[in-house]
Amino acid sequence: MSAQDLSIDRPARKHSLALSIGLALVGLNVAVALLTLFWTPYDPLNASGGRLEAPSLLHWVGTDRLGRDYLTQIMIGARTALIVGTGAVAIGATIGVTLGILAAFATRLLDDVMAATLDILIAFPTLLLAMLVVAASDSASLWSAILALGLAISAIVARLTRILAKRVLRQDYIVASRTSGTSWPGVVLRHVLPNIWPTLSVNFALQFGLAVIAEASLSYLGLGAPPPNASWGRLLQEAQGTVYTAPVGAIAPGIALVALVIGMNLLADGLRDVGDPTRGRSR
Amino acid sequence: MQKPALRLQVSHPSDERKPAILAYILRRFAILILSLLIAAVVLFVLLRLLPGDPANALLSVGADQQQIEAAREQVGSNLPLHEQFLRFVGSLARFDLGTSFVSGKPVIEEIATRLTVTVPLALLGFVLAVIIAVPLGILSAVKAHRWYGAAISTVSQLGIAIPVFWVGILLVTVFAVNLRLFPSGGYPRRGWQNEGQVLYALALPVLTIGLVMAASLIRYIRSATQDVLGSDYLRTARALGASFPEALIRHGIRNGAVPIVSILGIELATTLLGAVVVERVFALPGLGSMLLLAIEQRDYPNVQGVLFISTLLVLLIGFAADLAQRVIDPRLRERATGAAT
């Protein structure tokens, strides 16, 4: 059989292009997010123009119903999205990789139970889980959203880690390494983690994008970070009410969001090829 | 022996074992019940984590200790935790979901009313997605090197990066604001007594769900078709004289459908729950808006009821999809009876 990818991929020559576009989109987002720490076009909290102004040279994306500059808020939204994506993936990776490695070493019974529980947790949709965690915390904040999304991601990461780690642990070089006196923690650090890292990092990039979408959905539902934290989801929710008079506000934050998520997905595609030497050779 | 790469990476805990088909159904049913129990535990724990005693909802401001005790007695929050849990599981098993703190009506009645919005919304969106995705997915795999094959897969890539609520808002902007074809939201007061109005109100929400789901389905169908196209059995069929469409229809569809069925199950379940967001976009009185309202009002019986029923639906869909997969794929069946190697 030909070594065709099972995953959904485009032809090989486009991959370096995918990586470049991905890096450019994510890089732009990071740059804008960092910029907002020092400078924004206008004060994000106070009116800087008339209400619901159409886009102009002064306000590139127009103003919202309180006269605040949309571009400023979208730029701050980029920061929020990065914080959520990074935070959720960091939590998910820490818990998920730890659990996954432990499951790979566990006895058959314990491993079966963990695998079944993870399957059920994954079947439970991220958004519902996040809604519950946010509702359970006293007040909706950015951190409760990050925690909720991180927990949801950890189940997915744990399942993946478990499968990958078990595959590595079956290899001959693990036996060799053990025979030559390496402890199990040493094996994990020296052989398992480096071997599963390429696949994991691709998954992290994908989960990052999903976390950004999920946070936007939470904010859209009114369960995200409260004002004055600008979030693309809440911007879209507020703009929906004025879509008849000022449609631009209901479109621009969405474009920013989709650009970041696509950038992350392209980055994942690109990483898949860079990070996995066996794939490169088969081409 | 080399296995044809037919299956997507869908984990299937029972793949390695070989029980008889009846044993498989029983085993799968046991997993269903076990999953429900785990879901009940998760629900119970999560609801105890919510701030405040659920009895508070029954009390007015400045209630004295006696009234508080009476209220706690009524909702059962004065019992030890394990007794609360047993009562909880017992009433779930009887579909007794309690009465709403806010409206005083039985939760199950409210859910039944809400389901008449959410179930048609999810099902119609699902059907639309399948109608869009099956031909486009196959086309984009068969004609991968033509411009439209590439265009279809690029657009479907876009589809997974777009939040469903934004698609809804965009459709509102186009079809409600600019073209004035459909309403931007709302639902007829008398519900299904007026079918025409319901379908009119559901048009944009269904389109929203259908488009987003179609985008992710296309990718799976494309991938499954590619596997079929590269398979040995298709080449054999062609070598034996079958025309390409004939070979594809007789051998391809059934083989390709196996991994797709479980994907469909997952997608349908996701849609049912993803309807929360779409209902919010179009102000539809479905299960999702019931959950949001209940969370806001701290109406615990309603929160619990919606979560339990939606989990039940998700698990039942997964169960049905797994059984359907066995029926479609004779190899899984044979393996199940132990006849094949």
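At what angle do helix H6 (residues 164-178) of chain B and helix H7 (residues 195-229) of chain B pack?

**View 1. Helices H6(B) and H7(B) in a predicted model.** The two helices pack at an angle of about 130°, and their axes lie 9 Å apart. That angle is neither over 145 nor within 65 to 115 degrees, so H6(B) and H7(B) are oblique to each other. Their crossing is right-handed. On the H6(B) side you'll find B:Val164, B:Val167, B:Gly168, B:Leu171, B:Val172 and B:Phe175. Facing them from H7(B) are B:Leu204, B:Leu207, B:Thr208, B:Leu211 and B:Val212. Sorted by type, the residues of this contact come out as 9 nonpolar, 2 polar and no charged.

**View 2. B:Ile218 and its contacts in chain B.** Stay on H7 of chain B for this one, since that helix also holds B:Ile218. Is B:Ile218 buried or exposed? With a relative accessibility of 6%, under the 20% cut-off, B:Ile218 counts as buried. Set aside the neighbours within four places in sequence, and B:Ile218 still touches B:Ala133, B:Leu136, B:Gly137, B:Ser140, B:Ile152 and B:Ser156. As for B:Leu170, 48 residues away along the chain, its C-alpha atom is 21 Å from that of B:Ile218.

**View 3. B:Ala283, a loop residue with a positive phi.** Look in the loop between helix H9 (244-281) and helix H10 (287-297) of chain B. Phi of B:Ala283 is near 50°, on the positive side even though this residue isn't glycine. Most residues other than glycine have a negative phi. B:Ala283 is also exposed, because its relative accessible area of 54% is over the 50% cut-off.

**View 4. Chain B as a whole, for orientation.** Stepping back from the close-ups, chain B has 12 helices and 0 strands. Follow the sequence and the pattern reads α-α-α-α-α-α-α-α-α-α-α-α. Of the 341 residues in chain B, 45% are buried. Take the contacts between residues at least 6 apart in sequence: 73% of them join residues at least 24 apart. The accessible surface of chain B adds up to about 16,900 Å², with 64% of that belonging to carbon and sulfur atoms.

**View 5. Helices H2(A) and H7(A) side by side.** Over in chain A, helix H2 (residues 70-105) packs on helix H7 (residues 184-220) at an angle of about 145°, with 8 Å between the axes. H2(A) passes H7(A) in a right-handed crossing. The contact takes in a long list of residues; from H2(A) it includes A:Ala81, A:Val84, A:Gly85, A:Ala88, A:Val97 and A:Phe105. H7(A) contributes, among others, A:Trp184, A:Val188, A:Ile196, A:Phe204, A:Phe208 and A:Glu215. Overall, the contact residues divide into 19 nonpolar, 4 polar and 1 charged.

**View 6. H7(A) again, this time with helix H8 of chain A.** Which way do these two helices cross? H7(A) passes H8(A) (residues 232-240) in a right-handed crossing. Their packing angle is about 40° and their axes are 7 Å apart, so H7(A) and H8(A) are oblique to each other. From H7(A), the contact uses A:Val212, A:Ala216, A:Ser219 and A:Tyr220. H8(A) brings A:Trp232, A:Gly233, A:Arg234, A:Leu236, A:Gln237 and A:Gln240. The tally for this contact is 5 nonpolar, 4 polar and 1 charged. Notice A:Val212, which is listed in the contact with H2(A) and again in the one with H8(A).

Terms used. Residues are numbered from 1 along each chain as its sequence is written. Chains are lettered from A and ligands numbered from 1 in the order in which they are written. This is a predicted model: local features need pLDDT of at least 70, side-chain atom pairs count only at pLDDT 80 or more; totals for chains, interfaces and linings use all residues. Side-chain values use heavy atoms; hydrogens and water are left out. Axes are lines fitted to C-alpha atoms, for helices over the stretch in contact, and angles run from 0 to 180 degrees between N-to-C directions. Helices (H or I, at least four residues) and strands (E, at least two) are DSSP runs, numbered from the N terminus. Angles under 35 degrees count as roughly parallel, over 145 as roughly antiparallel, 65 to 115 as roughly perpendicular and the rest as oblique. A crossing is left-handed if the near helix is turned anticlockwise from the far one by less than a right angle, and right-handed if clockwise. Contact means heavy atoms within 4.5 Å. Ala, Val, Leu, Ile, Met, Phe, Trp, Tyr, Cys and Pro count as nonpolar, Asp, Glu, Lys and Arg as charged, and the others, Gly among them, as polar. Buried means under 20% relative accessible area, exposed over 50%, partly exposed in between (1.4 Å probe, protein chains only). Accessible areas come from the Shrake-Rupley method with a 1.4 Å probe; for residues, only the protein chains shown count as cover.
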